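Biologist: Could you take a close look at the aromatic rings in this model, and describe how they pair and what sits over them?

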Amino acid sequence: MSLTALLLLGVAAAPVTAAAHRDDACQPGPYKGTYAIVDVTVLPMDRERTLDGMTVVVENGCIVSMGPANQVSVPSGATRIDGRGKFLMPGLAEMHAHIPSPQNGSMDYAHEVLFLYVANGVTTIRGMLGHPAHLELRNEVARGEVLGPRIWTSGPSVNGRSVPNAAAARRLATEQKAAGYDFIKIHPGLSRQAFDTLDAVADRVEIEFSGHVPAEVGLMRALAATYASIDHLDGYIEALVADDAAVDRTQSGWFGANLAPYVDESKIRSIVADTRTAGVWNVPTQTLMESFASSESAQDRARRPELRYMPPAVRTNWIERTEQWLRTAAPEATRHRFIEVRRQLLKALADGGAGLLLGSDAPQIWNVPGFSISRELEALVVAGLTPYQALASGTRNVAEFFEVSDEQGTIAVGQRADLVLLDRNPLTNVANVANPNGVMVYGKWLPQREIQTRLEAIARAYEN
């Protein structure tokens, strides 16, 4: 059985039975201080279980001790956080995030977006449309100069315009690796020749790539190239079209939506097996797809409470784009079939041991940073995943993907203190991750009242 399958099945270490102490794994973070979260129910996320009545001690951004409350001493001078009746889980990740680029030379809006992620318990993001300014922003967050989640970032987009030929692909892969980007982001339009060159050079300079599956590349070539992740389940609908279907697969519309009526569901099993064998992860961004498939009016969507935290120009743009989309969208039956197929595929990937990562594509249309993660978790559960599987896609699976399982993704001594304190158990209802009681990122504690104060300040600044 693969390591990915073991993770999804929850095979892990034995339960904590006594106070645990270790001081040599986690490197101290930028924020100094000692905290004790006392008498809390812990969701360690090493497997599906809860640990009741625990005390978790954090020092300088690291979990230094954890165990039953009657066995763990609260250090003198520590900030005590009452966890009675509450639930502590690892911080979540948004694995298809977007970080705003400088606006008139300012990164103020980017800082605001980073806070929206953190306010919702998102303590790690993977920026999917890089900019040189994001490299320094990544460092500023890590140094504690800007409050935000841990940042992994791609370079600028690789697409048919930015990389028109093999020579451009060779140059770009080398330049993005040298610049310090974490990976390459692939968009549509890349030719097969340019992709093949990019694949070879990326392997040589040791930089991974993620994102879309260009039409000339196709899913099977993408799996053979071992994408780090395929985002949006791009290319899967096209690959599932029945062999005898009288349809042009290149006319796939919105991520294959137009081809949904021609899908042969019997192909799902083999494609899931191919995905697992290739070790390619998927970031579904299911809530984005369901938003486009919905017939809900733009004005009704604009009434969602989290829209208060987006600039008026963004809200107006989303309304206009949705109204245009609804005028030209595929028939409702086709859109419903598109979502039905995606849900079947999601459950099959999860049950088949293929890796899934949590991501909603925020801030993309109607996906407000941080807030959309709760909607994404709910969409995964509607597709048939268990709450634990959905939560694992944003915690332990992310650590496995980044190969930092010894640092984050679970709650254990020696792990980084990226934590979310909740009023209700998300293992019974994933919607319970919304409106955290408190968030800890890099070891910095943000109580709910502080989060709400800053959120209200953002909303007031955007009042019409």
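**Aromatic rings and their partners**

Modeller: In this predicted model, the charged end of R150 lies over the ring of Y442, at 4.0 Å from the ring centre. A second contact of this kind involves R454, whose charged end is placed over the ring of F115, 4.2 Å from its centre.

Turning to rings that pair with one another, the count is 12 aromatic pairs. One of them joins F209 and Y227 in an edge-to-face arrangement, with 5.2 Å from centre to centre and 85° between the planes. This pair connects distant parts of the chain, since F209 belongs to strand 11 (residues 208-211), while Y227 lies in the loop between helix 6 (218-224) and strand 12 (229-231), 18 residues apart. Both F209 and Y227 are buried.

Another pair is formed by W281 and F401, whose ring centres are 6.0 Å apart and whose planes meet at 85°; because an angle over 60 degrees counts as edge-to-face, the pair is assigned to that class. Here too distant parts of the chain are linked, with W281 in strand 13 (residues 281-283) and F401 in helix 15 (residues 396-402), 120 residues apart. W281 has a relative accessible area of 8%, which is under 20%, and is therefore buried. F401 has a relative accessibility of 13%, so F401 is likewise counted as buried. W281 and F401 also belong to a cluster, in which ring pairs link them with W152 and F402.

Methods
Residues numbered from 1 in each chain as written. Predicted model: local features only at pLDDT ≥ 70, side-chain atom pairs only at ≥ 80, totals over all residues. Heavy atoms only, no water. Phe/Tyr/Trp six-rings, centres within 6.5 Å; stacked < 30°, edge-to-face > 60°. Helix = DSSP H or I, 4+ residues; strand = E, 2+ residues; numbered from the N terminus. Buried < 20%, exposed > 50% of the residue type's maximum accessible area, 1.4 Å probe, protein only. Lys NZ or Arg CZ within 6 Å of the ring centre and 35° of its normal.
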